[in-house]
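I'm opening a fresh notebook page for this one. The plan is to look things up one by one and jot down what turns up.

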Amino acid sequence: MALLSVRDLVVRFRTHDGTVHAVNGVSFDLDAGETLGLVGESGCGKSVTNLAVMRLLPAPAGRIEGGQVLFEGEDLLRLDEAGMRALRGKEIAMIFQDPMTSLNPVLTIQEQMVETIKAHKKVTNKQARAQAVDLLTMVGMSEPDRRLRDYPHQFSGGMRQRVMIAMALALQPKLLIADEPTTALDVTIQAQVLELLSRLTSEHKTAVILITHDLGVVAGLTRRINVMYAGFVVESANTADLFAGPAHPYTVGLLHSMPRLDAQPGEPLIPIEGTPPDLRHAPVGCPFAPRCAWRVESCWREMPPLEPVRETAEVQTTGPLATHRSACWNRPTAEEAIAGRPLRVDFVPAPEPVEVSR
Amino acid sequence: MTFSATPEAGPVNPQATTPAEAANRPLMQIDGLKMYFEITSGILMSRHVGDVRAVDGVSLSIRKGETVGLVGESGCGKSTVGRTILRLYRPTAGRIVFDGQDITRVEGSSLRAVRRRMQMIFQDPYASLNPRMTAAGIISEPLEIHGVSSGRERRDRVRDLLATVGLDPDYGDRYPHEFSGGQRQRIGVARALALHPDLIVADEPISALDVSIQAQIINLLEHLQDEFGLTYLFIAHDLSVVRHISDRIAVMYLGKIVEVTGSRDLYERPLHPYSVALLSAVPIPDPAVETRRRRIILTGDVPSPSNPPSGCRFHTRCWLRERLGNPERCVEEEPVLREMATGHQVACHFAEEVDGTAEQVQVTGRPGRGAPVGSAGAAAGVAGGVVAPTAPEGPQPRPRPRG
């Protein structure tokens, strides 16, 4: 049984401007100790998916309108608030992009760490403090005894993120959700934090969902990747398979639109034309169709299912042998994935049908 | 690229030089530029208690038509360099020469005249456009300020500019909130182009944009450079992007340039320990490459620019210094930029030791292509010790982006 199993999750936000279709039927599984990358641009639903898993969607606008979130077989969406509170931090922990806003500025680090530990464990203040010292030592903080008395503003961004990691791992959760944990940090500090995160989670065999827009970060850190676009998982594969043979036009586009440090100078970038869709409109067809160079007529009408790229007897959703799947009616071939554009002679992207109003 | 290249001692009239001289002259030449921001204390009686040395002795030249990238981490002073050379600040010391004219101290109308030729593109396309002005109003404002054209002619120019940056000319009546992030940045680019500038300082122009939109703006900037012969100072923290767009790259650390070289050379043969660490920290979207590479994990944080370390500013975090048994020289003596190969300058006492280290090879994924720098240069310790047979990289024609 998978540690976490998200089934057909649908999340919508009711706003003054209309209903935002943030997550449109997302399914994925995660085994214990597995690392999964969730990649996509802002607004693709990657953060909302995980806030829904944690049942932390902003109320009353954000609503889970369908699906299941099974954690060790138990549907979290049916759990009451007390049950959820016992789970958060202890079983599933989360770290956020901006460590400044996720730490309380008027409490010392000690007060915050002791509070977290005592909320879930029957220990004395003294024991909790000793554990906090151990945790800060574990994340490489020098003079942890003294620094516990400091306030968050006395720490640099990288140090604050270390404190967050220490707090997240304090109760040895089975699952850690890291939402853009290094986006606010400089690249040399990012390297420190990623190294720490990867060492600690593999030592403790913690399962990790790493949410990021940076394909470079997931390439080195996760074993499996889900690419999201407009509230759908559009491609799912092992990290190696995904980079070796991307099978969705959006993934191909992402890889070709970022300059690589090791690219040959002068290699042109191939941008993805257009802009991400307005999620206030209910999706009709594939949401990537208007920007896609590979689109065919059916893309405008029907969202393709997430299906194996190669024929297979049994679809594996987790583990090192997870099946490479992509949601596309007209998958790029291996040559096209390398070229970054369709190579078929006389291929013209299907024009938008007039009768379909998007 | 040598820093003594500008013979002029003071303000000169550009018309006085011959066309050949003008062609060889860098468009922008800065020498020993310092920009300190005062730290004051006290409410009623404000006392000067120190300085944030944002830029502390930077020399750099930018040739016409080239793109120079300025990289470094937050707080290294790269944005301050950009703003100071546009004279948005009054520099504390040093000299800024733009197209043969010393603009370090110019004020008033002569400063305005120079500014016509230098424009800026900002990071945040949300904050850098006035929400109460239409796109056309924003783009025509520079024309208005400098009294260029009017009426129908100005309206046509604005429509031209919108089309040039890939926007529908009819969108001029819309307000910034009606555009997406990428479209707003296009408006920012159109505003910068309005006065036909020679130099554009682009300060993190794509870092606020979504990944899929970034390439659109990079390609637009490259295309405009080809079309209008623009010169760019491209400031960014993302080395992959800087390397893609730049002909030459200057790496900054705590207010100083630590290495300057051609963008190909910086990746293939970095010679400053900080550059090597910075390159190693950049993730590459390829798991096959990532599993091979080992990162250099720098310890600690960047020190404060109000109280920088003595000697070499990087010595508190330097992996090479540790390897060499922590030589005192790094603490006592400030390294100057010295020429290690043609057009490749490094400010490190022990740059020769970087060449061929496992760290350098790890980063580049292959042994350095230049000839090894001999110990003769190290012993002499002076500029231009040994010249490796790598050609200096100047502005090169770039393949046009497709589509």
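Which residue lies over the face of B:Tyr171? I looked, and B:Arg174 is there, 3.9 Å from the ring centre. Before going on, a reminder to myself that this is a predicted model.

**Entry: another charge over a ring**

I checked chain A for a similar arrangement. A:Arg147 sits over the face of A:Phe155, with 4.2 Å to the ring centre.

**Entry: aromatic pairs**

I searched the whole structure for aromatic pairs and got 8 over all chains. I picked A:Tyr229 and A:Phe288 to look at: their ring centres are 5.1 Å apart and their planes stand at 80°, so I noted the pair as edge-to-face. The cut-off I needed here is that planes over 60 degrees apart count as edge-to-face.

Where do the two residues sit in chain A? A:Tyr229 belongs to strand 9 (residues 224–229), while A:Phe288 is in the loop between helix 11 (249–257) and strand 11 (307–308). The two are 59 residues apart in sequence, so the pair ties together separate parts of the chain.

Buried or exposed, I wondered about A:Tyr229? A:Tyr229 is buried, at 2% relative accessible area. A:Phe288 counts as buried too, at 3%.

Then I went to chain B and looked up B:Tyr253 and B:Phe314. Their rings form an edge-to-face pair, 5.1 Å centre to centre with 80° between the planes. B:Tyr253 is in strand 9 (residues 248–253) of chain B and B:Phe314 in the loop between helix 11 (287–292) and helix 12 (319–323), so this pair ties together parts that are 61 residues apart in sequence. B:Tyr253 is buried at 2% relative accessibility, and B:Phe314 is buried at 2% as well.

Back in chain A, I found that A:Tyr229 and A:Phe288 join A:Tyr250 in one aromatic cluster.

**Entry: a patch on the surface**

Next I wanted something on the outside. B:Ile43, B:Leu44 and B:Met45 make a nonpolar surface patch, with about 480 Å² of accessible area together. I placed B:Ile43 in the loop between strand 1 (28–41) and strand 2 (47–62) of chain B. B:Ile43 has a relative accessible area of 85% and is exposed.

**Entry: salt bridges**

How many salt bridges does the structure hold over all chains? I got 42.

I looked at a few of them. A:Asp75 bridges to A:Arg78, with the closest N and O atoms 3.6 Å apart. The two ends differ in cover: A:Asp75 is buried at 11% relative accessibility, whereas A:Arg78 is exposed at 72%.

In chain B, B:Asp56 forms a salt bridge with B:Arg313, and the closest N and O atoms are 2.5 Å apart. B:Asp56 lies in strand 2 and B:Arg313 in the loop between helix 11 and helix 12, so this bridge ties together parts that are 257 residues apart in sequence. Both B:Asp56 and B:Arg313 are buried.

I also looked up B:Arg329 and B:Glu333, whose side chains meet in a salt bridge at 3.1 Å, N to O. B:Arg329 is partly exposed at 34% relative accessible area, and B:Glu333 is partly exposed at 38%. Elsewhere on my list, B:Arg25, B:Lys64, B:Asp99, B:Arg117 and B:Asp198 are joined into one network by salt bridges that share partners.

**Entry: strands of chain B**

I followed strand 4 (residues 93–98) of chain B. Strand 4 runs antiparallel to strand 1, and 5 bridges join the two. One of the partners I traced is B:Val97 in strand 4, which pairs with B:Gln29. Strand 4 also pairs with strand 5 (residues 101–102), antiparallel again, over 2 bridges. There, B:Val97 has B:Asp102 as its bridge partner. The hairpin of strands 4 and 5 has 2 residues between the strands, and B:Asp99 takes a positive phi near 50° in it.

**Entry: the sheet in chain A**

What order do the strands of the open sheet in chain A take? I read off 6-7-8-3-9-10-12-11 for its 8 strands, with mixed pairing. Strand 6 (92–95) and strand 11 are the edge strands, each pairing on one side only. Further in, strand 3 (residues 35–39) and strand 9 run parallel and are joined by 4 bridges. A:Leu38 stands opposite A:Asn226 of strand 9.

Definitions and conventions: Residues numbered from 1 in each chain as written. Chains lettered and ligands numbered in written order. Predicted model: local features only at pLDDT ≥ 70, side-chain atom pairs only at ≥ 80, totals over all residues. Heavy atoms only, no water. Phe/Tyr/Trp six-rings, centres within 6.5 Å; stacked < 30°, edge-to-face > 60°. Buried < 20%, exposed > 50% of the residue type's maximum accessible area, 1.4 Å probe, protein only. Lys NZ or Arg CZ within 6 Å of the ring centre and 35° of its normal. Patch = residues over 30% accessible without salt bridge, like charges linked within 9 Å, V, L, I, M, F, W, Y side chains within 5 Å. Areas by Shrake-Rupley, 256 points an atom, 1.4 Å probe, with all protein chains shown as cover. Salt bridge = Lys/Arg side-chain N within 4 Å of Asp/Glu carboxyl O. Pairing = 2+ DSSP bridges.
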